[in-house]
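Let's take a walk through this protein together, starting from the outside and ending at a few charged pairs. Keep the 3D view open as you read.

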Amino acid sequence: MKRVVLALFLLLVLSTAGCAGWTWSYAHRTGPLAVATDHVVPHGSTAHITHDLALAQIIPPGRISEFQFRLITRLTTTQGALHAAELHFPAGASVLDVLAILRHAPPVRHFLTIPEGRTARQIALLLGEAPLLTGPLPPLAEGAILPQTLAYERGTPRAQIAQRLETLMRQTLARVWAQRDPSIGLASPEQLLILASIVERETGVNAERPMVARVFLNRLGQNMKLQSDPTAIYDLSDGLGVLDHGVTHDELHRPGPHNTYVVDGLPEGPICSPGVAALGAVAHPAQGDMLYFVADGTGGHGFSHDLREHNQRVEALRTLKSAHAANPKTLAPAHP
């Protein structure tokens, strides 16, 4: 009897050791995933997650393999719960690698860029077309979004992204306003935002923004109309900010609430979302008595102190455009 008990005990020990070695080998073996991939791990039980990973070839498929994975998950349960999220799995990840990712890896981050100078309608299109965001987008106030590249996780609500960017704009505008040069003569942060939106649409050259801001501030100080083409285009395009044709002289003088060829002073609201550089340019403009600027044909602008000098620059631009008509290589494209 003693010999039978001893034999059974030895058989149990050997079986346990063999099972442990088998499981240990399985846990460390290179996995079947051929190429690194981002995979959305579903919510559910360990069995459901295991089967999903097997179908995706992240762990070896098959009933025995799935049983082993669940067994190792249970044996290592003190290391944390499995998380449902979009996670990154490297090629050849072992079972232990996969479990570490399921328990501790951050979700995959995606990126979306809101460029400077986009209108609320354009930003709404960008957010609405982002395929990994979810849910409806609330109405966006013009100029309320701070342009930038932002990171987000799959499934993030569009409303949450909009709220995040609106908060950043409020904080940034408050900081810029608090640090402004008080001599600029603007009465509120809202006025600074409005003028910055015009500066943003007038030039994409960073070095020019403080000079453009100075021209408009000088005009405001002399009760001159700002006469900014983008303000007229904003009204003509119903807030889209772009036209399918070159703006005409008659269109520039068509009445509208933002058209600074018609309204005195600043328009009733912003015409786009300005970036930090444009906000800073208005808060700290260049010095000088410039009142005019016009494209110089090279992507930048020429600035003038009086109408005579300005008209000379306009005539030079016309001459350059005429030369361009004869030889297209002579004129560089201006910033839109």
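The accessible surface of this protein adds up to about 18,000 Å², and carbon and sulfur atoms account for 59% of that. Bear in mind that you're looking at a predicted model. Of the 336 residues, 43% are buried. The chain is built from twelve helices and six strands. If you take the contacts between residues at least 6 apart in sequence, 60% of them join residues at least 24 apart.

Now for the charged pairs: the structure has three salt bridges. Start with R154 and E86, whose side chains come together at 3.0 Å, N to O. R154 sits in the loop between β4 (148-153) and α6 (158-178), while E86 belongs to strand β2 (residues 86-89), so this salt bridge ties together parts that are 68 residues apart in sequence. E86 is buried, at 7% relative accessible area, whereas R154 is partly exposed, at 41%.

Next, find E200 and R209, which pair up with their closest N and O atoms 2.9 Å apart. E200 is buried, with a relative accessible area of 6%, and R209 is buried too, at 7%.

That leaves D264 and K225, whose side chains meet at 2.9 Å, N to O. This pair also links distant parts of the chain, 39 residues apart: D264 is in the loop between α10 (249-252) and α11 (276-283), and K225 is in the loop between α8 (209-221) and α9 (229-236). D264 is exposed, with a relative accessible area of 61%, while K225 counts as partly exposed at 30%.

Notes:
Residues numbered from 1 in each chain as written. Predicted model: local features only at pLDDT ≥ 70, side-chain atom pairs only at ≥ 80, totals over all residues. Heavy atoms only, no water. Helix = DSSP H or I, 4+ residues; strand = E, 2+ residues; numbered from the N terminus. Buried < 20%, exposed > 50% of the residue type's maximum accessible area, 1.4 Å probe, protein only. Contact = heavy atoms within 4.5 Å. Areas by Shrake-Rupley, 256 points an atom, 1.4 Å probe, with all protein chains shown as cover. Salt bridge = Lys/Arg side-chain N within 4 Å of Asp/Glu carboxyl O.
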